[in-house]
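Let's take a walk through this model, starting with the empty space inside and working outward from there. Keep the viewer open as you read.

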Amino acid sequence: MSDALEKRVMRKISWRIIPFIMLLYFIAFLDRVNVGFAAIHMNEDVGLSPAIFGFGAGLFFIGYFLFEVPSNLALEKFGARIWIARVMLTWGLISGAMAFVQGPTSFYILRFLLGAAEAGFFPGIILYLSYWFPAKNRAQVTALFMAAAPISVALGSPISGALLEMDGLMGWHGWQWMFMLEAIPALVLGVVVLFYLTDRPEKARWLADDEREWLSSTMNAERAAKESAGASHSILKGLTDPRVLALSLVYFGTSAGLYTLGIWAPQMLHGLGLTSVQTGLVNAIPPIFAVAAMYLWSRHSDRTGERTWHVTLACTAAGIGLFLAGFAVSLVAVVLALVVVNAGVSAAKPPLWSMPTIFLSGSAAATGIATINSLGNLGGFVGPYVIGLIKQSTGSFEWGLYFVGGLLILSAAVTLIIAGTARKGVPSPSTNSIQKA
């Protein structure tokens, strides 16, 4: 009876929560990386050099970094429903305002504000999932949520490329239409969140009484087990735990790889002689493979209970893919290299995000997840900015891609060091659990 009840509850909450949060992340990711398509024409229209563009595009993550932890703590205090709605409404307004960029200064300001507005969304959803799904299901659930990022690129790229063709309509540039129209879904969904999301299982009136009681007791028992095993609750511990800082470094490399793709891949492909529409269609190919790799890899990670090698191998593959992209000269070779990078970066993230909630809970989980995401996402600043600098000085993406590939190899090495430290360190339930992770 309990097995049947568990399957029924997992099926019901999965269908209720996962498609919706995937839709939210789809829009979030599209609004943060569509600047890569805008740059095809915007840079010339408003006078942005490769270095200026790379720096401004990366400023998103400085705003993200500064406001991530307070935003995640606010989510825990006010509840996911209210706070996620606030995040979406503010980022929608600022994303639409990108249509009015006039030059470097306004570009810098709006990218910074967009990051500040969106801060807390991604780690907030990761925390939210820990309220609803037991740890044994979390990597696979996280993979489904995070699959929205490559899906966003796969579906959003042709849309962004097509919107650029609206150039001249009503006196606006195509990139202005793209920013304005792609901001509307965030505003609409921000209102929908207020009526659709449920903060905790105890408030889920859409579950039957026995389903709600089973889920609440299961999640409460899991939290109690983490407490007895030494899982930390304190905000300070979530900020300073060495494992949190190490995982932040791992995530730094994956973020550098992900946003190198999101921000620079359209310009790389366009530079091979493709039109805006063709660029959008071709840029949609690699993320399709990333969705499959992410789901299958995380499913295997959940089934085996192993996390370390799933992160390490995926980061290594992504690093090798960037090295290959650096010296590829034909369109087919570049696309194949981008397939490897997309698959590796995407596959690494779900098992990586399954690690922190093993040894942290409560406020420590909120701050720990936000810390990993905010520090790690600085890779989204460093990677694109360094590529812009190198592109401006050399006229080529080659050495910038090698640099980001090296960061991903470093992520793989740090993951192995975390596991090795757990094996050699002072025995404790938390270090043993991270070793298994």
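This is a predicted model, and a good way in is through its holes: there are 5 cavities of 30 Å³ or more. The largest cavity holds about 110 Å³ of space. It is lined by 14 residues, and if you want to centre your view on it, pick Val153, Leu261, Gly262, Pro287 and Asn342, the ones closest to its centre. Four helices each give two or more residues to that lining: α8, α12 (242–270), α14 (285–304) and α16 (331–353). The top contributor is α12, with 4 residues. As for chemistry, the wall of this largest cavity is made of 10 nonpolar and 4 polar residues, with no charged ones.

Now move to the second largest cavity, with a volume of about 70 Å³. Its lining has 13 residues, and those nearest the centre are Val33, Phe37, Val153, Ser157 and Asn283. Val153 was also among the residues closest to the centre of the largest cavity. The elements giving two or more residues here are α1 (2–33), α8 and α12. This time α8 gives the most, with 5 residues. The class count comes to 6 nonpolar and 7 polar residues, again with no charged residue in the lining.

Ser157 is worth a stop of its own. It sits in helix α8, which covers residues 148–163. Is Ser157 buried or exposed? Its relative accessibility is just 3%, and the cut-off for buried is under 20%, so Ser157 counts as buried. Leaving aside residues up to four places away in sequence, Ser157 touches Phe37, Ser152, Gly280, Asn283 and Ala284. Two of these contacts, Phe37 and Asn283, turn up again with Ser157 itself in the group nearest the centre of the second largest cavity.

Next, the rings. How many aromatic pairs does a search of the whole structure find? The count is 27. Take Phe60 and Phe61 as an example: their centres are 4.8 Å apart and their planes meet at 75°, an edge-to-face pair. Both Phe60 and Phe61 are buried. Phe78 and Trp83 are arranged in another way: with ring centres 5.9 Å apart and planes at 15°, the pair is stacked. Phe78 is partly exposed because its relative accessibility is 43%, while Trp83, at 17%, counts as buried. Phe60 and Phe61 also belong to a cluster linked by ring pairs, together with Tyr25, Phe29, Tyr64, Trp91, Phe121, Phe122, Phe145 and Tyr259.

Some rings have a charge over them too. Arg86 lies over the face of Trp83, at 4.4 Å from the ring centre. Over at Tyr131, the charged end of Arg200 sits 3.6 Å from the centre of the ring.

Another arginine to look up is Arg111, in helix α5 (residues 104–118). Its relative accessibility is 1%, so Arg111 counts as buried. What does Arg111 touch, not counting residues up to four places away in sequence? The list is Asp31, Arg32, Val35, Gly56, Ala57, Leu59, Phe60 and Met98. Phe60 in that list is the ring you met in the edge-to-face pair with Phe61. Arg111 and Phe55 are 56 residues apart in sequence, yet their C-alpha atoms are 9.8 Å apart in space.

Zoom out for a moment. The protein chain has 21 helices and 0 strands. Of its 437 residues, 59% count as buried. Among contacts in the chain with a separation of 6 or more, 83% are between residues 24 or more positions apart.

One last stop is a backbone oddity. Most residues other than glycine have a negative phi. Met170 has a positive phi of about 55°, although it is not a glycine. Where does Met170 lie? You'll find Met170 in the loop between α8 and α9 (174–196). With 68% relative accessibility, Met170 counts as exposed.

Notes: Residues numbered from 1 in each chain as written. Predicted model: local features only at pLDDT ≥ 70, side-chain atom pairs only at ≥ 80, totals over all residues. Heavy atoms only, no water. Buried < 20%, exposed > 50% of the residue type's maximum accessible area, 1.4 Å probe, protein only. Contact = heavy atoms within 4.5 Å. Phe/Tyr/Trp six-rings, centres within 6.5 Å; stacked < 30°, edge-to-face > 60°. Lys NZ or Arg CZ within 6 Å of the ring centre and 35° of its normal. 1 Å grid on protein atoms, 1.4 Å probe; cavity = no way out; pocket = protein on both sides within 12 Å on 5 of 7 lines; lining within 4 Å. Points joined across faces, edges and corners; volume = space filled by probe spheres on them. Nonpolar A, V, L, I, M, F, W, Y, C, P; charged D, E, K, R; others polar.
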